[in-house]
Amino acid sequence: AFDRTVGGLRDRVEQLLGARQELTIQARIADGERRHAEAIINSIADAVIVTDAFNEIVLANEAAANLLDFDPEQALRAPVDKVIRDECLVKLIKDTRQFGRPCPPRHVEHTIGDADRRATYDVSLSCLSSAEATSQAAPQTAGVVAVLRDVTREREIAEMKSQFVSN
């Protein structure tokens, strides 16, 4: 009886060690994928902000940090409304997530800055659907990706063309 108990415990320990090794491998793969995604996001010239289902920032590139004046390291896992001072942009991100289900990307023109340094951005907002929600009848929004592309120069050129044509 003792040998059976010890043998059963040994089998259970081996199972747990195998499961631990599998989890370690999965964690390494996930970490590599995360670093890869961060490298891609940081190589983009446009400002990129990614939030989760709790409206916390999970990823932001240097362009976003410079534009919106925050430290990207300190912004991680912080509520978007505590990091981004632009109330309109925060509302756009929160409203997109609160839509409640994956939605098509939407574009909003938004101006950032004061009277001295004003820039116009095309803000693209896309929902992220949760991985586990893909099999459910009504998938939930797991977060939002916001990409801010500076269109100030394009708008200025369009205005100049319009003025030229009207004269």
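Helix H5 buries Leu 89, Val 90, Leu 92, Ile 93, Thr 96 and Arg 97 (buried: under 20% relative accessible area; exposed: over 50%; 1.4 Å probe, protein chains only). Viewed down the axis of H5, these buried residues fall within an arc of 160 degrees, so they line one face of the helix; the arc is taken from the directions from the helix axis to the C-beta atoms. The model is predicted, with local features needing pLDDT of at least 70 and side-chain atom pairs pLDDT 80 or more, while totals for chains, interfaces and linings use all residues. Residues are numbered from 1 along each chain as its sequence is written, and side-chain values use heavy atoms, leaving out hydrogens and water.

On the other side of H5, Glu 87, Lys 91 and Gln 98 are exposed. The buried residues pack against several elements, among them strand S1 (47-52), helix H2 (62-68) and strand S5 (141-150). Helices (H or I, at least four residues) and strands (E, at least two) are DSSP runs, numbered from the N terminus. At the N-terminal end of H5, Asp 86 acts as a cap, with a side-chain oxygen 3.1 Å from the backbone nitrogen of Cys 88.

Turning to helix H6 (residues 152-166), Thr 152 lies within this element and counts as buried because its relative accessibility is 15%. The side chains of Thr 152 and Asp 150 are joined by a polar contact of 2.6 Å (a pair of N or O atoms within 3.5 Å; within protein, one must be able to donate a hydrogen and the other to accept it, and residues adjacent in sequence count only if both atoms are side-chain atoms). Beyond neighbours within four places in sequence, Thr 152 is in contact (heavy atoms within 4.5 Å) with Arg 118, Ala 119 and Thr 120.
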